[in-house]
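Here is a short set of questions and answers on how one chain is packed, meant to be read beside the sequence and the coordinates.

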Amino acid sequence: MNSNFDQSGLIETGVPGLDDGLGGGLTPSRLYLLEGVPGCGKTTVAMQFMQAGVKNGEPVLYLTLSETRAEMAAVAASHGWSLEGITFREFVPTDQSFDPDEQYTMFHPSEVELSETTRSIIEDVERLRPRRIVFDSLSELRLLAGSPLRYRRQILALKQYFSGRSCTVLLLDDMTATDHDLQVQSIAHGVILLEQQNPEYGAERRRLRVVKYRGMRFRGGNHDYVIERGGLPIFPRLVAAEHRQTSENNILASGIAELDALLGGGVDTGNSTLIVGPPGTGKSTLAAQFCVAAANRGQNSAMFIFDESVETILRRCTGMGINLAQHYQSGAVTIQPIDPAELSPGQLAHAIRDAVDERQAKVIVIDSLNGYLNAMPEERFLTIQLHELLMFLGQRRVATMLVGAQQGLIGMQMTSPVDASYLADSVIMLRYFEARGEVRQAISVVKKRGGTHERTIREIRMGDSGFRIGPPLREFRGVLTGVPTFDPSEKAQPTPPKP
C-alpha cells in the first residue's frame, strides 16, 4: 500500500485493493454512496464490507428494501461466506400486499410506507447500536419519497442521524432511475462508481472509480476488478512514482558469450529490452535464455505469455538444450499464460507487481506486445499503461524483456502493430535473410541507452545445442533488407574504432 497516504483512524472495507485506491480506507462515522448498474457487484462489495466488520467484532446491520434474507444467504453461499454475525432487516413487500384490504385509499403509499420504514430503521439502530450499516437500495427509497425534495431531505436526515451514532453507512444505488440525479452524490462523504463494459469479443470488463472522497488524497482514475468466488478484488491503477527506490544498476548476462558481446556485457537491471522480429526467428526462446541465466545465478524471474502454452515453450526450449523446464519445476521461473480475451490490463499489471514484490523477480518477460495490445479495450491507451509499467519495473531495478512480433517475413515491408522501440532502453533485432539458396537468420543490437554495444550484424542459428552466434557478416551488404548483396571486398575493410 502507498505509504504516502495517511491511514490513521480509517476503517477497512474488506475488499482487496479498494483500501489502497481510497488512500487507506474509509473515514468512520460517514455516509458513502456505492453506485453502479445491476450486475456490477454492489451487493458483493456490501457483503465484504459487512464481513470485515464482523471480523473486527463490530455489530453490523444490513437494511434491504429489495432482497430477502434467503436471497442474501444464497449470494453469501456462492462466495463461501456465512451470514453469522450480520443482522438483516427486510423491508420487502409480503404476500399480504396483494390483499385489497391492505391497500391504501385515503393516503398515498409514500406518506405511510416511508414513515414506517424510517421508524423501523431508527428502532433497529437504537437497539443494535451498529458500527456499520448497508442500505440496499436507494431506488426503493427514492420511489417511497415521491418527490425529489422529500427524497433529499430524507437522505440528509439519515446522514445526520447516523453520524451522531458512530455509524459508517454504505448506500447502494443501482442507477435504475430514469434521470440520474446527483442529489445523493452531493450529500455523501464519498462516492464509488462501479462500471461494466461489454467489448465486442471476450468477457465483460469491470472497473471502479472513486468519484469523490472529502478530505482524503485518493488514487484517481479507473481501477480494474473482477467478480469471482470469494469476493471482488480490485486491481488499483499502477502509479510508478509511488515505488521509487535507490539502488545501483547491475549487468545481467545471457550466458551466451557472443550475445553478451553484442549487448556490451548483457542487459542492465532497471532497463527494458525489446526483442523484435518476424515470427519464428527465436524471440521467445531468446527471452527464455535470459530467465535461465538468471535462475543459474540464483535469481527469480517471471514470464507472461500471450501467444502459446506453457507446454509448448518448455518443449521447444528443451529441444534446444535450454533447461527452462528444470527451473520452472523448481519455481525459480514462473510462466503464466495470459488469455487477452479474459484478462484486463489492470490484472496483468497487478500480477507483474506481485511477481516483483512477493517473489523478488529480477527478470520479467512479456511475450508478446501483440497479445498485450489485444488485451486493451481501447488500444490508444496502450503506450500510456506500458510506459507506467516499465517505469515501475525500472525503479525496482528489474530487467524487462519485451517481445514484439512483426508482420511479414523477408523484406523492407515488415511492420510492427505496436511500436514500443522508443519506450525500450535496448532493442535487439532479429531478421531473416536470403543467402546462397538458404533462409538464414541475423541478429543485431540497434539501440542501447546508457552504454556501449557492438554494432555488427551477426548470423544466428538455433539447434539442439541452443543458440550459436557467428562472426560479423562483413562480406554482405543489406542483410537487414532480407536480400543482401555479397561483396568480398567488405571483408578487407578495417573495423571502425569504438567510440
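Q: Which residues does Leu259 touch, not counting residues up to four places away in sequence?
A: In this predicted model, a contact requires heavy atoms within 4.5 Å. With residues up to four places away in sequence not counted, the residues that Leu259 touches are Ser254, Leu286, Phe290, Ile443 and Ile469.

Q: Which helix gives the largest share of the largest nonpolar core?
A: The largest nonpolar core has 40 residues, and Leu259, Leu286 and Ile443 are among those with the most contacts inside it. Eight residues of this core, its largest share, come from one helix, spanning residues 283-296, which is α9.

Q: How many residues does the second, separate core have?
A: Apart from the core to which helix α9 contributes eight residues, there is a second one that includes Leu34, Met47, Leu83 and Tyr225. The number of residues in this second, separate core is 34.

Q: Are the residues that point either way from β1 buried or exposed?
A: In a regular strand the side chains alternate between the two faces of the sheet. From β1, Leu31, Leu33 and Glu35 point one way, while Tyr32, Leu34 and Gly36 point the other way. Buried means under 20% relative accessible area, and for strand β1 (residues 31-36) six of six residues are buried.

Q: Which residue in β6 is the bridge partner of Leu33?
A: Strand β1 pairs in the parallel sense with β5 (residues 168-173) over five bridges, and there Leu31 stands opposite Val169. β1 also pairs in the parallel sense, over five bridges, with strand β6 (residues 190-197). In β6, the bridge partner of Leu33 is Val191.

How values were computed. Residues numbered from 1 in each chain as written. Predicted model: local features only at pLDDT ≥ 70, side-chain atom pairs only at ≥ 80, totals over all residues. Heavy atoms only, no water. Core = buried A, V, L, I, M, F, W, Y, C linked by side-chain atoms within 4.5 Å. Buried < 20%, exposed > 50% of the residue type's maximum accessible area, 1.4 Å probe, protein only. Helix = DSSP H or I, 4+ residues; strand = E, 2+ residues; numbered from the N terminus. Pairing = 2+ DSSP bridges.
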